[in-house]
Every structure is written in C-alpha cells, then in structure tokens.
Amino acid sequence: VGFRLGPGGLEPLTAGAQPLPGPGADPAQVGFTPDGSALVVTDRGTDSIVTFAVGPDGALGPPQTVASSGPTPYGFAFAGRRTLVVTEAFGAEKGAAATSSYSVDGATLTPLSRSVGNGRSEICWAVVAPGGRCAFTTNFADGGVSRYAIGEDGTITLDDDAAGLSVDGRPGLRDEALSSDGRLLYALDADAGAIFGWAVGEGGTLSALGSWGRLPLTAAGLAAT
C-alpha cells in the first residue's frame with residue numbers, strides 16, 4: 001500500500017495498492033530501488049522476490065516475480081544502484097543460512113551469486129557499507145554477524161561467518177543498522193532486549209563496543225544516523 005507525505009501527514013495513493021501474487025504470500029521486507037523506479041518485496045511464503053515498476057504518480061505496475069535463489073528470502077540491501085543483496089533463512093534449517101545477489105535493471109532482477117552459505121542459522125537482515133563492497137548480515141538463531149565481500153560485478157563471497165557476535169550461540173539478533181558514515185554497526189537482540197554495537201574498521205572488521213539493555217521485549221527494528 002502506497003502513501004504520499006502531504007501537509008496533513010500520510011495520504012493514501014489512489015492507485016497505490018497492489019496485492020502480492022499467488023496464494024500463501026508472506027512478505028518480509030519492502031523497499032525502493034536506489035533510483036526509485038521500482039519497489040522490491042521479499043516473499044518468504046512463496047520463496048520469491050516480487051518487483052513493481054513505480055510510475056511518476058506513485059502507482060505500481062503489474063508484479064514481476066523471480067524465484068529466490070534459496071528458500072525463505074528475508075532481508076535485503078542494495079550495493080550501489082545495480083546490485084541487490086538478499087538473505088535466505090532456509091526455513092530455519094540449522095547451519096543452512098545463505099545470501100544471494102542479483103543485478104537490478106529497473107524492475108528486472110537477474111541472479112548473480114546463488115545461496116552463498118555462511119554455516120550459521122536463521123539469517124535475517126542485511127546492510128551494505130558505504131562504497132558497496134561489504135555487506136553485514138545478522139543470524140537470529142546463533143548471535144552472529146557475518147560479513148560478505150561484494151565484487152565490482154555484484155557477485156558475493158563469504159569473508160567471515162562471525163565477524164561480530166552478541167553472545168555466540170544465543171538466539172535473538174534481528175534488525176541492524178550502520179551509521180551514515182559506515183563507522184558504526186548496531187544490531188538489535190530482540191530476545192535479550194538489548195542493542196549491540198561494533199566499530200567498523202578497515203576491510204569491514206568489527207570491534208565490539210558493548211551492549212545496552214533494558215529495551216522492551218516488543219522491540220522489533222532500529223535505525224541509525
């Protein structure tokens with residue numbers, strides 16, 4: 001469902017609603033491509049990624065669907081204007097978490113790297129560092145933050161399965177965010193009601209800064225400036 005920010009707040013777009021195709025849809029994340037020409041939705045219910053072209057008035061075109069490279073596509077982030085990095089939770093199968101990359105051309109996605117595993121479990125969200133050469137992913141089931149390298153052609157390789165840890169083996173890591181300068185990474189441990197922080201060094205190395213707790217256990221997402 002689409003909205004425009006007007007003088008009175010959010011105003012629904014007349015043609016801004018589009019159902020996801022197929023029965024059993026269960027979206028995980030939605031976001032615009034960097035140039036705003038398309039909307040991307042990961043659909044973990046149908047193991048697919050759905051895109052919609054966005055018109056000048058905000059109206060969405062018909063859906064385009066591409067099969068996810070791996071089961072349970074979840075979070076995503078863009079590396080530059082033409083590369084999409086998507087996490088895959090593999091139905092919560094232990095040790096089967098993976099990440100894939102796709103080239104982006106308007107509303108058309110083409111697989112580049114398929115299901116690059118990190119040996120961890122229940123991967124959730126992804127962020128890409130400034131410069132587009134490094135991605136961090138959170139693993140909900142085991143407290144690990146993995147680091148992937150992103151090539152100039154958009155392909156990805158695993159750099160470190162546990163570049164950062166909340167508590168190794170403890171479930172709970174969900175959403176994450178980088179500061180605008182890319183020097184700080186934060187992740188939400190929803191089960192513990194805490195935020196963990198790391199300093200981002202050369203090549204994407206992570207140095208723990210500590211954790212801050214006493215958050216409500218209903219906390220689900222975070223943002224950083």
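The legends below describe close-up views of a predicted model.

**View 1. Strand 8 and the burial of its residues.** Strand 8 covers residues 83–88 and is mostly covered, with six of its six residues buried. Thr83, Val85 and Thr87 point one way from the strand, while Leu84, Val86 and Glu88 point the other way. Residues of both sets are buried, Glu88 and the two threonines included.

**View 2. The hairpin of strands 7 and 8.** Strand 7, residues 73–79, runs antiparallel to strand 8, and five bridges join the two. Within this pairing, alanine 77 has valine 85 of strand 8 as its bridge partner. Three residues lie between the strands of the hairpin. In the turn, glycine 80 has a positive phi of about 70°.

**View 3. The pairing of strands 8 and 9.** Strand 9 spans residues 98–105 and is antiparallel to strand 8, to which six bridges join it. Leucine 84 has tyrosine 102 in strand 9 as its bridge partner. Strand 8 is thus shown with two antiparallel partners, strand 7 and strand 9. Leu84 and Val85, whose bridge partners are tyrosine 102 and alanine 77 respectively, point opposite ways from strand 8.

**View 4. The aromatic pair of tyrosine 74 and tryptophan 125.** The model has four aromatic pairs in total. In the pair shown here, the ring centres of tyrosine 74 and tryptophan 125 are 5.1 Å apart and the planes stand at 70°, so the arrangement is edge-to-face; the cut-off for that class is over 60 degrees. Tyrosine 74 belongs to strand 7 and tryptophan 125 to strand 11 (residues 123–128), so the contact ties together parts that are 51 residues apart in sequence. Tyrosine 74 has a relative accessible area of 19% and is buried. Tryptophan 125 also counts as buried, at 18% relative accessibility. The cut-off for buried is under 20%.

**View 5. The aromatic pair of tyrosine 186 and tryptophan 212.** The rings of tyrosine 186 and tryptophan 212 form a tilted pair, with 6.3 Å from centre to centre and 55° between the planes. Tyrosine 186 lies in strand 16, residues 184–189, and tryptophan 212 in strand 18, residues 206–212. The pair links distant parts of the chain, 26 residues apart. Tyrosine 186 counts as partly exposed, at 23% relative accessibility. Tryptophan 212 is partly exposed as well, with a relative accessible area of 43%.

Methods. Residues numbered from 1 in each chain as written. Predicted model: local features only at pLDDT ≥ 70, side-chain atom pairs only at ≥ 80, totals over all residues. Heavy atoms only, no water. Buried < 20%, exposed > 50% of the residue type's maximum accessible area, 1.4 Å probe, protein only. Helix = DSSP H or I, 4+ residues; strand = E, 2+ residues; numbered from the N terminus. Pairing = 2+ DSSP bridges. Phe/Tyr/Trp six-rings, centres within 6.5 Å; stacked < 30°, edge-to-face > 60°.
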